[in-house]
Amino acid sequence: MQLPILYSFRRCPYAIRARMALAYAGINYELREVSLKNKPREMLDISPKGTTPVMQIFFNQVSIVLEESLDIMNWAIQQNDPLNWQNLSQESLELTKYLISVNDHEFKQNLDRYKYANRFPERSPEFYRQQGEKFLQILESQLQKQDFLIGDRQTNVDIAIFPFVRQFAHVDLDWFGASAYQRLQQWLTWHETSTMFQSVMQKFPVWK
Ligand SMILES: N[C@@H](CCC(=O)N[C@@H](CS)C(=O)NCC(=O)O)C(=O)O
């Protein structure tokens, strides 16, 4: 049987969370590293919207294509869920959904404006950073209560959000390190030093 194929861009936060979920589930796949400036025809043929990650899964004669990182994460966890991430209380499931939704919409928008502030000269980088901090405050208050975002162990919500917080922190590490978000700093370091993250950040040449 043909291995699933993942079109991925190493530093893309959406691709990182997909790869982390695939690593969690222990799924074997072929990684095709993409250049966003020169996307391969094979990827655009199956996913014309042209964003990474894209996963193609094969069954005998047919294949299905997952074009959203959250769909790839969910598919991976459905295949194999060693730490029972699917079996959460209704409250935890709702919180997971809420946090990911704020991350993927408001926070991502503020992250982009903060990171590429020169493209958004209407306001200062500090303004965009403060907008982004509203989400950091929510995360920090969760982490004041427990070690991970919805409890005392890592679940998919941590993986889904971590790569975006990482990008935000790395815009100005001195600022982040001196900020009041101490629990968030610990949480970020825990993820950055985890075997799961390190294993998915291995470098691959662009696939041809
Ligand atoms: N909603 C998509 C967003 C994916 C996305 O926007 N990926 C970026 C890279 S991080 C991308 O491919 N952008 C298109 C481009 O830069 O041409 C998902 O969750 O997979």
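1. Let's start with a charge and a ring. Arg 123 lies over the face of Phe 127, and the distance to the ring centre is 4.1 Å. Please keep in mind as you look around that this is a predicted model. A second example of this arrangement is worth finding: the charged end of Arg 119 sits over the ring of Tyr 116, 4.1 Å from the centre of that ring.

2. Next, look at rings that meet other rings. The model has 14 aromatic pairs. One of them joins Tyr 114 and Phe 168, whose centres are 4.8 Å apart with 45° between the planes, a tilted arrangement. Tyr 114 belongs to helix 4 (residues 90-115) and Phe 168 to helix 6 (residues 156-171), so this pair ties together parts that are 54 residues apart in sequence.

3. Are these two partners buried or exposed? Tyr 114 has 5% relative accessibility, and because buried means under 20%, Tyr 114 counts as buried. Phe 168 is buried too, with a relative accessibility of 0%.

4. Now try a pair with another geometry. Phe 162 and Phe 197 have ring centres 5.0 Å apart and planes at 90°, so they form an edge-to-face pair. Distant parts of the chain are linked here: Phe 162 is in helix 6 and Phe 197 is in helix 9 (residues 195-200), 35 residues apart. Phe 162 is buried at 0% relative accessibility, and Phe 197 is buried at 5%.

5. Zoom out a little from the single pairs. Which residues do ring pairs link into a cluster? They are Phe 107, Tyr 114, Phe 135, Phe 168, Trp 175, Phe 176 and Tyr 181. You have already met Tyr 114 and Phe 168 as a tilted pair.

6. Phe 176, from that cluster, also has a polar contact through its backbone. The backbone oxygen of Phe 176 lies 2.7 Å from a polar side-chain atom of Ser 179. Where is Ser 179 found? Ser 179 sits in the loop between helix 7 (173-178) and helix 8 (182-192). With a relative accessibility of 11%, Ser 179 counts as buried.

7. Tyr 98 makes a good contrast when you think about burial. Tyr 98 is found in helix 4 and is partly exposed, with a relative accessible area of 45%. Tyr 98 also shows how the fold brings together residues from separate places in the sequence: Tyr 98 and Val 157 are 59 residues apart in sequence, while their C-alpha atoms are 9.8 Å apart in space.

8. Now for the ligand. Its surroundings include Cys 12, Pro 13, Tyr 14, Leu 36, Gly 50, Thr 51, Pro 53, Glu 67 and Ser 69. Lys 39, Thr 52 and Glu 68 are also among the residues around the ligand, and they are taken up in the next point. By class, this shell holds five nonpolar, four polar and three charged residues.

9. Which polar atoms meet the ligand? An N or O atom in the side chain of Lys 39 is 2.5 Å from an oxygen atom of the ligand. Thr 52 uses its backbone instead, where a polar atom is 2.8 Å from a ligand oxygen. For Glu 68, a polar side-chain atom lies 2.7 Å from a nitrogen atom of the ligand. How much of the ligand's accessible area does the protein cover? On its own the ligand has 510 Å² of accessible area, and the protein covers 71% of it.

Technical notes. Residues numbered from 1 in each chain as written. Predicted model: local features only at pLDDT ≥ 70, side-chain atom pairs only at ≥ 80, totals over all residues. Heavy atoms only, no water. Phe/Tyr/Trp six-rings, centres within 6.5 Å; stacked < 30°, edge-to-face > 60°. Helix = DSSP H or I, 4+ residues; strand = E, 2+ residues; numbered from the N terminus. Buried < 20%, exposed > 50% of the residue type's maximum accessible area, 1.4 Å probe, protein only. Lys NZ or Arg CZ within 6 Å of the ring centre and 35° of its normal. Near = heavy atom within 4 Å. Polar contact = N/O pair within 3.5 Å; in protein donor to acceptor, adjacent residues only side chain to side chain. Areas by Shrake-Rupley, 256 points an atom, 1.4 Å probe, with all protein chains shown as cover. Nonpolar A, V, L, I, M, F, W, Y, C, P; charged D, E, K, R; others polar.
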